[in-house]
Amino acid sequence: MPVYATPDELTTWLDAPAPQGAVRLLRVASQIVDEILIGAVYDTDAFEAPTDPQVAERLREATCAQAAYLLALGDDTGATTQAGSHSTGGVSASRAQAAPRWAPQALSVLRAGGLLPIHPLSPARPTWGFPWDIYEGL
């Protein structure tokens, strides 16, 4: 699995020194970016890294945004994404709504780069397909 950004690139993104454990943080952020990209189509090399420089730049930006988000949350394990409440014997406990797992800024970078695999269904195109399929036969 590729890691889409380096500690130096994270330093530039944060406009501050990369935190201790930046390599691990970027590996986790890259895994989350991969999760967001399930179903996305782009060319990769033998190491699964994108071959298009523009795609690589978008993945680097999204990874840095996701890493910054994890830093701000103070949780790179996902433990705080588990929210809920329970009660036992008249005693109840609850946790506030957790933050989303995916950084909003990372989603924006990927959406703007056309990398989110979202193809809405419509009556004119009732099955999944590539966006250019709608132009066939015109």
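Guide: A contact here means heavy atoms within 4.5 Å. The model under discussion is predicted.

Visitor: With contacts defined that way, what share of those between residues at least 6 apart in sequence join residues at least 24 apart?

Guide: In the protein chain, 65% of them do.

Visitor: And which helices and strands does the chain have, in what pattern?

Guide: The protein chain has four helices and two strands. Along the sequence they follow the pattern α-α-α-β-β-α.

Visitor: Let us take helix α3. Why does its end-to-end distance agree with what should be expected?

Guide: Helix α3 covers residues 53–73, which is 21 residues. At 1.5 Å a residue it should span 30 Å, and its end C-alpha atoms are 30 Å apart, so the two values agree.

Visitor: Which residues of α3 are buried?

Guide: The buried residues are V55, A56, L59, A62, T63, C64, A65, Q66, A67, A68, Y69 and L70.

Visitor: What covers them?

Guide: The cover includes α1 (7–14), α2 (22–36) and α4 (104–112).

Visitor: What is found at the start of α3, and what just after it?

Guide: At the start, a side-chain oxygen of D52 comes to within 2.7 Å of the backbone nitrogen of Q54. Just after the helix, G74 adopts a positive phi of about 75°.

Visitor: Turning to the whole chain, how much of it is buried, and what is its accessible surface?

Guide: Of the 138 residues in the protein chain, 28% are buried. The accessible surface comes to about 9000 Å², and carbon and sulfur atoms account for 56% of that surface.

Definitions and conventions:
Residues numbered from 1 in each chain as written. Predicted model: local features only at pLDDT ≥ 70, side-chain atom pairs only at ≥ 80, totals over all residues. Heavy atoms only, no water. Buried < 20%, exposed > 50% of the residue type's maximum accessible area, 1.4 Å probe, protein only. Areas by Shrake-Rupley, 256 points an atom, 1.4 Å probe, with all protein chains shown as cover. Expected span 1.5 Å × (residues − 1). Polar contact = N/O pair within 3.5 Å; in protein donor to acceptor, adjacent residues only side chain to side chain.
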